[in-house]
Amino acid sequence: MGDSLSAEYGITRGTGWVALLERKLKQEKIPATIVNASISGETTIGGRTRMPALLDQHKPHIVVIELGANDGLRGLPVASAESNLRAMVSMAQQKKAKVMLIGMRMPPNYGRAYTESFFNMFKKIANETKSPLVPFMLEGVADKPSLFQQDRLHPLAAAHPIILNNIWPTFSGLVKKQ
C-alpha cells in the first residue's frame, strides 16, 4: 500500500520500484505475487480505510506500507499519521501478515520539529510493532534534482532502480522467511 511514489505517477507503467520488485523476485526464483494497492494522493487515513477490504480480498503474507508523505506534505498532525499507520500494521498483523514499513522525510521548509517528528514516527512504529523498516525510500535520490520529474516531488523512472535497491535488502529478508 502506497501513494504516488509506488503507484508509478508520471512514469511509464512497469518502470516503478514495485514492478521492478516483481521482476527481481522472478529473477531470484522466489515465488511471490505482488498486488500493488497504491493510489496517487493516498494519505494514511485513506490507507487505513482501505486496509480491511484489501486484507480480506488478497490474504497477503507480507504487507508493505509506504504511506505518510501526503500527510506530511499537507502538514497534517504527525500524531494522526502515526495512529493511522499503527492501526494499519495492527490490522495486517492480526491477519497473520508480516509488515514492512517504508519511511519518508519531509523537506526542511516544514521546520525542524515537524520534520524530525515525522521521520522518527516510522522508526517508533517499527520498533513498537516489531516491523522491519526502510528508513527513507528516497535515499540516494532525494538529493539529486536530475532524478525528479518537473514537479520535484515524483522520481523519474531512472530513480526507481535506486529506490528498489533501498527496499530490497529489507524486503528480501522478509520474503525469504516465508
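## A guided tour of the pockets, a helix pair and a cavity

The lining of the largest pocket comprises 19 nonpolar, 8 polar and 2 charged residues. This tour begins at that pocket; the reader should bear in mind that the model is predicted.

**First stop: the largest pocket.** Please select Thr33, Ile34, Val35, Pro60 and Ile62, which lie nearest the centre of the largest pocket among the 29 residues that line it. The elements that each give two or more residues to this lining are α1 (17-27), α2 (44-58), β1 (62-65) and α6 (160-175). Which of the elements provides the largest share of the lining? That share, 4 residues, comes from α2. The volume of the largest pocket is about 660 Å³.

**Second stop: α1 and α6.** Next, display residues 17-27 and 160-175, that is, α1 and α6, both of which contribute to the lining just visited. Two packed helices are described by the distance between their axes and by the angle between those axes. Here the axes of α1 and α6 come within 9 Å and cross at roughly 50°. Why is α1 described as oblique to α6? The crossing angle of roughly 50° makes α1 oblique to α6, because angles under 35 degrees count as roughly parallel and those from 65 to 115 as roughly perpendicular. The crossing of α1 past α6 is right-handed.

To see the contact itself, select Trp17, Leu20, Leu21, Lys24 and Leu25 on α1. On α6, add His160, Pro161, Ile163, Leu164, Ile167, Trp168, Phe171 and Val175. By class, this contact of α1 with α6 has 11 nonpolar, 1 polar and 1 charged residues.

**Third stop: the second largest pocket.** Now select Leu73, Pro107, Leu138, Arg152 and Leu153, the residues nearest the centre of the second largest pocket. In total, 22 residues line this pocket, and the space within it is about 480 Å³. Its lining consists of 13 nonpolar, 5 polar and 4 charged residues.

**Last stop: the cavity.** How many cavities of 30 Å³ or more does the structure hold? There is 1. To find the largest cavity, select the residues that line it: Asp3, Glu66, Leu67, Ala69, Ile102, Gly103, Met104 and Met137. The space enclosed there is about 30 Å³. The lining of the largest cavity has 5 nonpolar, 1 polar and 2 charged residues.

Conventions. Residues are numbered from 1 along each chain as its sequence is written. This is a predicted model: local features need pLDDT of at least 70, side-chain atom pairs count only at pLDDT 80 or more; totals for chains, interfaces and linings use all residues. Side-chain values use heavy atoms; hydrogens and water are left out. On a 1 Å grid over the protein atoms alone, a cavity is a set of points where a 1.4 Å probe fits but cannot get out, and a pocket is an open set with protein on both sides within 12 Å along at least five of seven lines; lining residues have an atom within 4 Å of a point. Grid points are joined across faces, edges and corners, and a volume is the space filled by probe spheres set on the points. Ala, Val, Leu, Ile, Met, Phe, Trp, Tyr, Cys and Pro count as nonpolar, Asp, Glu, Lys and Arg as charged, and the others, Gly among them, as polar. Axes are lines fitted to C-alpha atoms, for helices over the stretch in contact, and angles run from 0 to 180 degrees between N-to-C directions. Angles under 35 degrees count as roughly parallel, over 145 as roughly antiparallel, 65 to 115 as roughly perpendicular and the rest as oblique. A crossing is left-handed if the near helix is turned anticlockwise from the far one by less than a right angle, and right-handed if clockwise. Contact means heavy atoms within 4.5 Å.
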